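This report covers annotated membrane segments, surface patches and backbone outliers. The chain is shown first.

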Amino acid sequence: MDDRNRKHQRPPFWRVAQRCCIVAGAIDTAYFFLFLTLDSPALAWINIISVAMYITAYYAYRRRKNQLGSLLIWTEVILHAAFGTILIGWDSGFYYFLLAFIPVLPVSMAANKAIVALLVLWTYFVGLHTLAIFIDPIQPISALGLFAVNTFNLTVVFGIFAYLAFYYIRTVTSAHRKLREHATTDSMTRLFNRRYMTERMQLEAQQATVNQTALSFLLLDIDYFKQINDQYGHHIGDEVLTQAADLLRAELRPNDIAARWGGEEFLIVLPESSNLQAAIVAERIRSAFEDFAWSDIIGEDVSVTISTGIHSMQHNEAISDTIKAADHALYQAKSNGRNRVELSINQMVTE
Ligand SMILES: Nc1nc2c(ncn2[C@@H]2O[C@H](COP(=O)(O)OP(=O)(O)OP(=O)(O)O)[C@@H](O)[C@H]2O)c(=O)[nH]1
């Protein structure tokens, strides 16, 4: 996996949940001491129960019992909001944590279930608020203490929402990147696929016309590939194709574009390259195939060679005609004995 992929990789749900358990457990431990200091021992000990629930949830996630872990976390949040409100009052702000359910429920369950769960949550939230209006706190703390607890709770919930937003963005970005990759890449060789190449060629052709630069095409085909399949099996054929793609990548510049055009056929677009420069690249690729130790892959000392047709796009030439010309040159390379490079006919060699 390259660095770019690693950077975009999103930690799995259970790992995120485990991190949440560690952070929440640490916060509740701090609360234990805080509420002892603020003379609210009942709430202090409730925080110890909370810590125990987070530790259990942590191990549940570790054993991939995700449902149990989530159930413990949500039960803790719901009960903590109730006990905090009843013991020291609504202004303690423990209800803020209930709000974190709102974005999480719709992404973690089916829409109809999420709607029911959200309605239950709303009822619980309003019920708790109403209760707090009519009932005085059982174990009130100082105004300063209440302000400190409220600010702390608010800060933690801010953090939770910010984290959820970034996690969501990373999830969407990573899904988008994977979709794009699937749509443009050949899964076996990791080269571009034919559909992407067809679009890309148009772009490159337009750019070459605007900038008045040369644009060359190489059409390559592995020689006697059917025999490799027939003699050594389809899986060896696949490995030869994968290795062929690696050889191409190794021989090309970063702005050259290589695609798997068909079964054992590859198309390479060389921007800003004349047919002479293209011939040099093609010859380099040809000898890379010839020199490669194919026995490492095939298991026997056989050679795998490649034939190449070259065509440089002419002024106002349609892409389909460019490909036809390269294909014709490839046909010539095959007819003239294979393992060779041929330039399309009627084309002057230009530097
Ligand atoms: N293993 C494998 N084989 C494939 C794949 N795609 C196409 N092929 C095979 O590639 C072979 C192409 O054979 P041909 O078109 O007869 O050409 P060739 O044997 O390479 O002969 P020349 O091109 O004339 O040198 C066929 O046997 C296809 O089944 C693939 O993804 N994997």
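A residue counts as buried under 20% relative accessible area, as exposed over 50%, and as partly exposed in between. The model is predicted. Leu-131 has a relative accessibility of 37%, so Leu-131 counts as partly exposed.

**Nonpolar patch**

Leu-131 lies in helix 7. Together with Ile-86, Ile-133, Phe-134, Ile-135 and Ile-138, Leu-131 makes a nonpolar patch of about 620 Å² on the surface. With 3 residues, helix 7 (residues 111-134) contributes the most to this patch. Patch membership requires over 30% relative accessible area, and the 37% of Leu-131 is partly exposed rather than buried.

**Positive patch**

A second surface patch carries positive charge, and its members are Arg-15, Arg-19, Arg-64 and Arg-170. Of these, Arg-64 sits in the loop that joins helix 3 (41-62) to helix 4 (66-88). The relative accessible area of Arg-64 is 45%, so this residue is partly exposed.

**Annotated transmembrane regions**

The UniProt record, an unreviewed entry, places the feature "transmembrane region" at residues 20-38, 44-61, 68-88, 94-111, 116-135 and 141-169. How much helix does the chain have over residues 20-38? The helix content there is 95%, with 0% strand, and the C-alpha atoms at the ends are 26 Å apart. Residues 44-61 are 100% helix and 0% strand, and their end C-alpha atoms are also separated by 26 Å.

**Positive phi values**

Two residues that are not glycine have a positive phi: Tyr-224, at about 45°, and Arg-338, near 70°. Tyr-224 is in the loop between strand 1 (215-222) and helix 10 (225-232). Arg-338 is in the loop between helix 14 (319-335) and strand 5 (341-343). Is Tyr-224 buried or exposed? Its relative accessibility is 46%, so Tyr-224 counts as partly exposed. Arg-338, with a relative accessible area of 27%, is likewise partly exposed.

The accessibility values for the residues discussed are collected below.

| Residue | Relative accessible area | Class |
|---|---|---|
| Leu-131 | 37% | partly exposed |
| Arg-64 | 45% | partly exposed |
| Tyr-224 | 46% | partly exposed |
| Arg-338 | 27% | partly exposed |

How values were computed: Residues numbered from 1 in each chain as written. Predicted model: local features only at pLDDT ≥ 70, side-chain atom pairs only at ≥ 80, totals over all residues. Heavy atoms only, no water. UniProt positions renumbered as here; feature names shortened; annotations may be inferred. Helix = DSSP H or I, 4+ residues; strand = E, 2+ residues; numbered from the N terminus. Patch = residues over 30% accessible without salt bridge, like charges linked within 9 Å, V, L, I, M, F, W, Y side chains within 5 Å. Areas by Shrake-Rupley, 256 points an atom, 1.4 Å probe, with all protein chains shown as cover. Salt bridge = Lys/Arg side-chain N within 4 Å of Asp/Glu carboxyl O. Lys, Arg positive; Asp, Glu negative; His and termini not counted. Charge placed at Lys NZ, Arg CZ, Asp CG, Glu CD. Buried < 20%, exposed > 50% of the residue type's maximum accessible area, 1.4 Å probe, protein only.
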